[in-house]
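Hi,

Here is the structure I promised to pass on. Have a look at it first, and then read on for what turned up.

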Amino acid sequence: MDASETPTGTAAETPTRVESWTEWDPLRHVIVGRADDGHIPPPEPALDAKVPEDSDMRGQWGRRPQETIDRANALLDGFADLLRKRGVRVDRPVPVDFSQAVTTPDFHTPSQFGCMPPRDVLLTVGREILEATMSYRCRWFEYLCYRPLMQRYWEEDPGFRHEAAPKPRLTDADYHPDYLSDTIGEAKRLEWAAARHFVTTEEEPLFDAADVLRFGRDLVVQHGFTTNRKGIEWLRRHFPDHRVHAVNFPGDPYPIHIDATFSPMRPGLILNNPQRRLPDEQRKLFERNGWEIVDAAPPAHQTPPPLCYSSVWLSMNVLVLDPKTVCVEESEVYQADQLDRLGFEVVPVALRDAYAFGGGLHCCTADVRREGELQDYFP
Ligand code: NVA
């Protein structure tokens, strides 16, 4: 497929205007990922540290089975259609050949990952879409899948700022070698997480876009495996009109990507994973502004699906369509029930068989346009 074939939703709908300030304003235009050619990447430092010792993914790599790719694509296509029917314009990335090695002057890795999930790569802040540095070698070139869309937005929207954070070198100096042993065990990892000792070092700025949540003037960024302190400082300098807050969740021994841990639902309401509680000190920002932080309902599943990197807490990886409407994975009955009781219209979406490709409903999307202007929620 080339850029001219990129499916773009129905042509007559929403004209291109990139703008999104929050996770909850009414969604008008979104990117939904694809499972095409999805690969389990070969071992590399940051990725190995994320895979739990008892995971079925240990030691496996290569192209994912075709039937799982087809099934995931059917679900992602279904989700895209559902969004279109609700009036949201949906664009899709253009996959590259992920079996290709990535070789730079600094590292070599024999294959790549995929174009799922877009939320990890693209950070939309207002009129800008920023390509994250990324912190896995296998995801170094993933931005290429989105370039046809970025070029199109740039042509069609004179106010769109397309930015890319400095590509990191990702030498061995970016990773703590002590994290690589598969005999570390969860207790030690929890101790390290509490001490903010993560697999990535402070060699250079690193961040994945999915570690960032947008609350208007405020950006909340998880410091963990995929985003280091320098990455957070880079974001602070890059967005001088925003306040950037670093957060940690010491209960998470594998802290990557904030959106199965802390999920803003609407102004004043956040779901927090009860096993990864935001520390009291960091809650103050929200509490003194009258925001409620509620424990998310338990996941409906005891284990993730096969060959999946993510935890069962993808249950709370929901996509807010507007402050009264939220998409929840259809098997996540407890999460759906909780959101129903909190006053939302819950839209069930089948996606579990696509989780293995990189996440849930929030992960597999990236905002292009949400209505609403920049607001200060924490004055
Ligand atoms: N840290 C996450 C990633 C979810 C997007 C997890 O719970 O697996």
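Before the helices, one term: two residues are in contact if their C-beta atoms, placed from the backbone, lie within 7 Å. Please also keep in mind that this is a predicted model.

**Overall picture**

The protein has seven helices and 19 strands. Its C-alpha atoms fill a box of roughly 50 × 50 × 40 Å along the principal axes. For 379 residues, a compact globule would have a radius of gyration near 21 Å, and the 19 Å of this protein agrees with that. Buried residues make up 47% of the 379. If you take the contacts with a separation of 6 or more, 74% of them are between residues 24 or more positions apart.

**Two helices and what they pack against**

Start with α5, residues 229–238, where G231, I232, W234 and L235 are buried. Looking down the axis of α5, these buried residues fall within an arc of 155°, so they line one face of the helix. What do the buried residues of α5 pack against? They pack against two strands, β11 (218–222) and β12 (243–247).

H238 is also in helix α5. H238 has 16 C-beta neighbours inside 10 Å, so it counts as partly exposed; the cut-off for buried is 20 or more. The C-alpha atom of H238 is 12 Å from that of E131, with the two positions 107 residues apart along the chain.

Next, go to α7 (residues 333–341), whose buried residues are Q335, A336, Q338 and L339. Down the axis of α7, the buried residues fall within an arc of 165°, so they line one face of the helix. Their packing partners are β17 (325–329) and β18 (345–349). Just after α7 comes G343, with a positive phi of about 100°.

**The nonpolar core**

The largest nonpolar core has 100 residues, and V30, L76, V326 and A354 have the most contacts inside it. Which helix gives the most to this core? That is α2 (residues 66–85), with seven residues. If you click on L76, you can pick out its contacts beyond four places in sequence: V32, G33, R34, A35, A354 and C364. A354 is therefore worth showing alongside L76, as both are listed among the residues with the most contacts inside the core.

**Around the ligand**

The residues around the ligand are I256, H257, D259, A260, S310, S311, W313, N317, G359 and C363. By class, that shell has four nonpolar, five polar and one charged residues.

H257 deserves a separate look. H257 lies in the loop between β12 and β13 (262–266), and its phi is positive, about 60°, although it is not a glycine. Is H257 buried or exposed? With 28 C-beta neighbours inside 10 Å, H257 counts as buried.

**Some loop details**

- R196 is another non-glycine residue with a positive phi, near 55°. You will find R196 in the loop between α4 (186–194) and β10 (212–215). R196 counts as partly exposed because it has 14 C-beta neighbours inside 10 Å.
- The peptide bond from M116 to P117 is cis, with omega near -15°. P117 lies in the loop between β6 (108–109) and β7 (122–125).
- T171 lies in the loop between β9 (161–164) and α4. With 14 other C-beta atoms within 10 Å, T171 is partly exposed. Leaving out residues up to four places away in sequence, T171 touches D106 and F107. T171 and D106 are 65 residues apart along the chain, yet their C-alpha atoms are separated by 5.7 Å.

If you open the model with only a few minutes to spare, I'd go to the ligand shell and H257 in it, and then to the M116 to P117 cis bond.

Cheers

Definitions and conventions. Residues numbered from 1 in each chain as written. Predicted model: local features only at pLDDT ≥ 70, side-chain atom pairs only at ≥ 80, totals over all residues. Buried ≥ 20, exposed ≤ 12 C-beta atoms within 10 Å, placed from the backbone. Helix = DSSP H or I, 4+ residues; strand = E, 2+ residues; numbered from the N terminus. Arc of directions from axis to C-beta. Rg over C-alpha atoms; globule rule 2.2 N^0.38 Å. Near = placed C-beta within 6 Å. Nonpolar A, V, L, I, M, F, W, Y, C, P; charged D, E, K, R; others polar. Core = buried A, V, L, I, M, F, W, Y, C linked by C-beta atoms within 7 Å.
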